[in-house]
Each structure stands twice: as C-alpha cells, then as structure tokens.
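Dear colleague,

I am passing on to you the structure that we spoke about, and below it you will find an account of what came out of looking through it. Please keep the structure open beside the text while you read.

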Amino acid sequence: FKKTIYTGTFISTPTLGALEVLENATVGVDEGGVIRFVERDVRGLGGEKGLDSRKHEEKGLKEAVTFSNPDTHIHASQYPNTGLFGNSTLLDWLQKYTFPLEASFSSLSRAQHVYTRVITRTLAHGTTTASYYATLHTPATNLLSTLCFHHGQRAKIGRVCMDHPTFNMSYYRDESAEAAVSATQATIAHCNSIDPERGLVEPIITPRFAPSCTSALLHQLGALAKEYDLPIQTHIAENPDEVKLVGELFPDCTSYTDVYARHGLLTPRTVLGHAIWLSAEEKEVVKAHGAGVSHCPVSNSYISSGLCPVRSYLDLGIKVGLGTDVSGGWSGSMLVAAREALGVSRVLASVEGNKAKDAGEEAEKPKEEVEKEMKLETTDEDKNESNRLKLSVEEALYLATVGGAKCLNLESKIGTFEVGKEFDAQMIVCGDFSLGDEDELGHGGKGKFEVRDDNPVELWGQESWQERMAKWVFCGDDRNVEAVWVRGRKVHER
Ligand code: GUN
Ligand code: FE
C-alpha cells in the first residue's frame, strides 16, 4: 500500500485526565487514511524519518501533532449570527435572533455562501468532525452534506425538524409531522448517494428540541432512526423556562428526559445538547440508555443558560463531548470551548464551595472543626469536594477529542493515534512557550513565527508537554494550527 509517514511529537488523551506524548515518533498512514503503524522515539535513526522534526527544531519551532477535534454540537446555519445575542436567554434568543436567520436558508445561494465559510473556518480551527444542525430546508441541508464531503470534513448532517404549530413561528416551521419526516428521508437518501459507506458524511436525525415538536413527529423520528440505524441529536434541559415549558407541553411525561425516552429518541447513538438542568433520576435514565452529553460551555455562559455539572456525568460514566453550539456560542473554535469548559468548571467549584461554607456556618459547627476544614481546603486541593468539580487541562482535551468521538460513536475510527484508526489530526506549531508571553505563540506582527535572538533553542526541554499544552489551550488560536488532516487527506494548511 502507498503510505505517508508523519514524524514529530504526537499528543493524545486516550484516558480521561492524562496526556499521551509520543516524542520523535513516526506514524504511517495508508492511502485509505488508516494508521498502519506507530513507532515511538525514532531519534537517531536518521534518514527520512527524523528529517521533518529536525527541520522544525532548526527553525526554533516545535510542532505537536494532536488528535481529531469533533465538535459535537454546531448550528452551521447560525454562523452569520456569531457574536450576536445581546442580553437574551434561550427562548427569546430563538425568536429574536435565530428563527429569522435560519428562515433565510430558503435561498440556496445564501446557504452555499454560509456553509462554505463554516466548513473552511472550522477546519482552520482544527475541527476535523462536526455534528451539524442545518435548517428545515432540504435543498440547503443536502448542499451542506455535499460541501462537507468535498472539503473533506467528517460530518453528521441534521435536517432540523420542528412542526409544533404554536411554539414555532408560522414563517419557520414544518407544515406537518409527515412533511418533516419525508424531508428527513430525502436528506438521508442524498447523504447515501454521495457517501454510501457513511465513511465521512452521515445523516443524523434532528428533532430541534421537545417544545418545537409534536408528539407525533417525535414518535416518527424515533422510528426513522431505528429503521435507518442512524444517530440522533437534540437539545435537553438547557434553560429553566424551557424545562418548565416541556412539563406543560408533555404533561404525561415524568421529565424532559422521559419525553425523549418515550418517543424512542434516547439511544446509545443520541447526543443530548447542553443537559444543564437534569435531575439525578434523569441522569440515571440517560446513563441507562447509553446516550451522550454535548457540553456547550460558551453558549451556556453567554446566553446565560447555566453551569453544566460535567463532573456528575463523568462520575456516572456518561459519555461527554464538547460542542461550540454556534451561535448560542460565539466561537466556532473547539479550543475556545475547551477553555470555557475549564472556566465554567471553576465557577461551579466556587459556587458549590460557597454553598458548602454557608451550610457549614448555618449548622454552627464547632470552631475547631470549621478551622480544620478550612485548613484542608487550602492545603489539599484534591480532597476538597468542590475543588473536584474543576476540570484539568488534560480532562478538557479528553472531552474535546476522545469524549466527543465516543458521543458520536466514532471512537473506533478517531480520537487517538492507534493502528487501525483513521488519521484525523492537526499540527500545532508554537514558539517558545517557556518565555511565557503571548507573542511567543506566534501571534506577533506578521502572524508568522520568527526566530528571535534572545530565544535560544537550548530553552527547549525546560517546559513539559503538559505545560505547553496548557499554554496552548489558554493562549492559542487558529494561527497555531499549521495543518489539518481528515482520513489522511490534508484539508487545511496555513
Ligand atoms: N434549543 C432549541 N433550538 C436551539 C438552538 O438553535 N440553539 C440552542 N442553543 N438551543 C436550542
Ligand atoms: Fe444548539
């Protein structure tokens, strides 16, 4: 077989909380994009294998090839609204900003323009896979799948279904459950025609969320997912008013989760967006059905939906991935999503820590006990219960890669560098992080990396890969993404 050999430092997170760093490694990829060998530490072997990494080091650069980045929740059609949300919250945001924009995708030329931009920009950020929500327009949705296939982005394509006659606007809704189902079937047929193997592009059953859909539509979409063996994506418990509305619209169901469970929409292939306000019982139901959670921290913070208790899902062994949720989220970058996941987990830790302190004061514990606890808090960060809510950089990177792959049931194909998996990767190039200033990430003047006189190559090695990754997560952006591959095909280059 014809193979390409990649050399360099390969970083991934096969398990939650730990980086795997293969320095001076080579990865052999066959013409089908499948990894055929991984060799650790080939330094000193000379010849072709060591060449690339040496070249970079001579330039004073260091490269790290890291794993695929699946965005488990992104509305391709909302891209033009990125950054526009005012002070709205979910339900008024949908009416004011979102539905009018999505309705404009009746124009195929507009769809072509926006979708091309979304795909090229997310690829430039290193998003190798995206689980897309499109709109309810079938031609535009089908075009999105064709464009993903041609640009080489791995994608799930969701034709958004929404037939509820009162919740949805009259100018933007399905005429009937049957109309939504037959439109979805048309998108399934189109995806099958462009990628029969579902190797890159696959349809995903997409009821917008419970309030947008009649019970009849939810039932039919559940049946469709089963008939065609397809994944499902939707939103759940994003906002307290939304949860209340679902209770009113589905009085026979015991909870929001129960609505999806009863309609055959809670399966091991279901991705639940947000999941901020689920009860303990609902989490057990999600776990029992094997569904995954798409954590969308930027959106949750900025349209002020709430703080997702990610640790509780991880503790239960529920699959968790990250989503940008453009344009509830203001950035299409998965790096920004990872960064916000770290921030939100810390805010949650502070909130819970304060609650615990208040409760402690109310209970009027003996003075010595309170003092002992406070001492514990400041001296032993791991034993402190609220501190445990904080995610580590390695955990955030796991959620952004392997966690997302698991949510999308792609873990046998992507997420780590292992023989038999497909080569989805991004090459990150950074300057000398050890000096600590942002400019060293290569963001200076010309936007390219320069060798500086005061930046001796000997400084390499003073900083661990864990530290470099942390600096990249907090300070990096798409300018650090030198190249991106999906299934062995280079799909972006700076
Ligand atoms: N709930 C229903 N539709 C949407 C949407 O488009 N974005 C978000 N964030 N939540 C939703
Ligand atoms: Fe969303």
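S327 has its place in the loop between strand β14 and helix α12, the latter covering residues 334–362. In this model, which is a predicted one, the peptide bond that joins V326 and S327 is cis, with an omega of about 5 degrees. A second backbone detail concerns N24, which is not a glycine and yet has a positive phi, of about 50 degrees; this residue N24 lies in strand β2, which covers residues 18–30.

Strand β14, which comes before the loop of S327, belongs to an open sheet of four strands, whose order is β11-β12-β13-β14 and whose pairing is parallel. The strands β11 (232–236) and β14 (319–322) stand at the edges and have a single partner strand each, so that one side of each is left without a neighbour in the sheet. If direction is ignored, neighbouring strands of this sheet are turned against each other by 30 degrees on average. To take one pair as an example, β11 and strand β12 (residues 270–274) are joined in the parallel sense over five bridges, and I236 stands opposite H274 in β12. Helix α14 packs on this sheet, where it touches β12, β13 (292–295) and β14, and the direction of α14 makes about 125 degrees with that of β14.

The same helix α14 (residues 393–407) also meets another helix, α15 (residues 465–475), and the axes of the two come within 10 Å and cross at roughly 65 degrees. Angles from 65 to 115 degrees count as roughly perpendicular, and α14 and α15 are therefore roughly perpendicular to each other. Their crossing is left-handed. In the contact itself, V393, A396 and L397 of α14 meet M469, A470 and V473 of α15, and by class these residues divide into six nonpolar, no polar and no charged.

There is also another open sheet of four strands, in the order β5-β6-β7-β9 and with parallel pairing. Here β5 (70–75) and β9 (201–203) are the strands at the edges, and each has a single partner strand, so one side of each is left without a neighbour in the sheet. From one strand to the next, the twist of this sheet averages 20 degrees. Strand β7 (residues 154–158) pairs with β9 in the parallel sense over three bridges, and within this part of the sheet I157 stands opposite P203 in β9. Helix α5 (residues 177–194) packs on the sheet and touches β7 and β9, and the direction of α5 makes about 160 degrees with that of β9.

Finally, which residues surround ligand 1? They are H75, L90, L94, T98, R208, F209, H235, E238, S299, D325 and G328. If you sort this shell by class, you will find three nonpolar, five polar and three charged residues. Helix α2 (residues 90–103) gives the most to the shell around ligand 1, with three residues. It may help to set this list beside the strands described above, since H75 is one of the residues around the ligand and strand β5 covers residues 70–75, while H235 is also among the residues around the ligand and strand β11 covers residues 232–236.

With kind regards

Conventions. Residues numbered from 1 in each chain as written. Chains lettered and ligands numbered in written order. Predicted model: local features only at pLDDT ≥ 70, side-chain atom pairs only at ≥ 80, totals over all residues. Near = placed C-beta within 6 Å. Nonpolar A, V, L, I, M, F, W, Y, C, P; charged D, E, K, R; others polar. Axes fitted to C-alpha atoms, helices over the stretch in contact; angles between N-to-C directions. Parallel < 35°, antiparallel > 145°, perpendicular 65-115°, else oblique. Left-handed = near helix turned anticlockwise from the far one by under 90°. Contact = placed C-beta atoms within 7 Å. Pairing = 2+ DSSP bridges.
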